Amino acid sequence: MIPYKFTISIPFLYSIIALVSCNNNSIGNTRDTAAGPLRVDSSNPRYFTDGNDKIIYLTGSHTWSNLQDITGYAFSTLPFRDYLQLLVKNNHNFIRLWIVEHAWEEGKKVSISPHPWPRSGTGKALDGKPKFDLYKFDETYFNRLRSRVNAAKKSGIYVSVMFFNDWSTEHAETWKGHPFNGNNNINEINGDTNNDGLGLEFHTLQDSTITNLQEAYVRKVIDTVNDFDNVMYEVANETGVSIDWQHHIVDVIKEYQKMKDKQHPVGMTVGYPVRQVNNDAILNSDAEWVSPNGDDGYASNPPASDGTKVIIIDSDHIWGVGGDRVWVWKCFLRGLNPIYMDDLGANGQKKGVRRAMGHTLMYADKINLKDMSPLNDLSSTTYCMANPGSKYLIYQPVSRTSFTVNLTAGQYNYEWFNPRRGTIISTGSFTTDGENKSFKPPFRGDAVLYIYVQ
């Protein structure tokens, strides 16, 4: 979602963004560089793996203005370098790199630039500025795309490059600022083929000329960033009009990548409004990764991933801007990859979400997800990831509440982690004959218990 009527104005304050301290009682902060393009892991297909056969759990904050310059909306913005620092400080490793297709909005002081196509044509568009030339590419856009993917790589960040965005086509005021509005280009191309004042047909296969131009743009993006190992692709943000169009773009990406040295995973997100592209449609697609909406319990009690797809569960498709620390931990323990639509606000809940993603990433590296599965029945909390007899990670979202874990007989070590404080509170060991062993968190609030064989 794009925050269409977003009314709050929040400055970005470095002083209140908590660093994850690196000491004996806390989860630290490490950065890894991408080692080969991501591919779905064969042993645990809930996740990607890299060229070193390491499981890559993806999590992080993404924001609308992390590629283009966007003015006129009330969400906070910051220079890309500072944005990357925010991600690194919170131990994130993934972003969606956004595109907004329209260049302005009628009646509002909204401006978005650069765009894939240059405003170099003769005549004036509806905003009084030069028209777009859809048969040329604006190298300013593609140079920035390449530069930001490279900067993200150096910061240990994987990037999902977004090709399209339905927001710009489903509202009359945004469509009037779209390059494929017939009034805004010199090429006599009009994406509104049914003349209803919207551009919904732009994300369909109705006009072969438009489809050909879209394909050329997709290939140009791939040419620009294919050589980076930290790249993924996303067909479109919440484009629900045509599942056939989405499948076509997936096919174009995959076929063109076959001509390249590297093949990167392709993703599909659920539509908003859903229309044809619902959760079932993306789960049954040829995409390697998907992002569902809040249906099926993803907002409050996320279903455990069965490995059919890598699921990057995005707060954007559930609330827009929403979710909290508890949601992040629930998703992680259910085999999902949670990411956060971040308006860069500075309240405590948003800080808590950012910190929680970093904490889950550190535990993902610590426990080695390759041999771990979400096994709800092993704990009364129902949030349990385990390799029975070896490792168990349990989340208790309810404060000061005892729970049980069904353990294989043996001697174990344990540690209690406080998600609110971001610290390991206590450690120890115990022996069990194999039973539903009871535990009670030694602190208030939600709790994480890690049990393992040394």
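Me: Before we start, what does contact mean here?
Reply: Contact means heavy atoms within 4.5 Å. Also keep in mind that this is a predicted model.

Me: OK, so what is Asp50 in contact with, leaving aside its neighbours within four places in sequence?
Reply: With those set aside, Asp50 contacts Ala35, Gly36, Pro37, Leu38 and Arg39, plus Ile56 and Tyr158.

Me: And where does Asp50 lie?
Reply: Asp50 is in the loop that runs between β2 (48–49) and β3 (55–56).

Me: Which side chain of opposite charge is nearest to Asp50?
Reply: That's Lys54, 5.9 Å away. Asp50 has no salt bridge, even though it is buried. A salt bridge needs the nitrogen and the carboxyl oxygen within 4 Å.

Me: Switching to helix α1. Which of its residues are buried?
Reply: In α1 (residues 80–89), the buried ones are Phe80, Asp82, Tyr83, Leu84, Leu86 and Leu87.

Me: What covers them?
Reply: The cover over the buried residues of α1 includes two strands, β4 (60–62) and β6 (94–97), and two helices, α2 (139–154) and α8 (348–367).

Me: Which residue just after α1 takes a positive phi?
Reply: Asn91, at about 60 degrees.

Me: Last one, Gly428. Where is its place?
Reply: Gly428 sits in strand β19 (residues 423–432).

Me: Why call Gly428 partly exposed?
Reply: Because its relative accessible area is 25%, and buried would mean under 20%, exposed over 50%.

Me: What does Gly428 touch, not counting residues up to four places away in sequence?
Reply: Gly428 touches Tyr412, Asn413 and Tyr414.

Notes: Residues numbered from 1 in each chain as written. Predicted model: local features only at pLDDT ≥ 70, side-chain atom pairs only at ≥ 80, totals over all residues. Heavy atoms only, no water. Helix = DSSP H or I, 4+ residues; strand = E, 2+ residues; numbered from the N terminus. Buried < 20%, exposed > 50% of the residue type's maximum accessible area, 1.4 Å probe, protein only. Lys, Arg positive; Asp, Glu negative; His and termini not counted.
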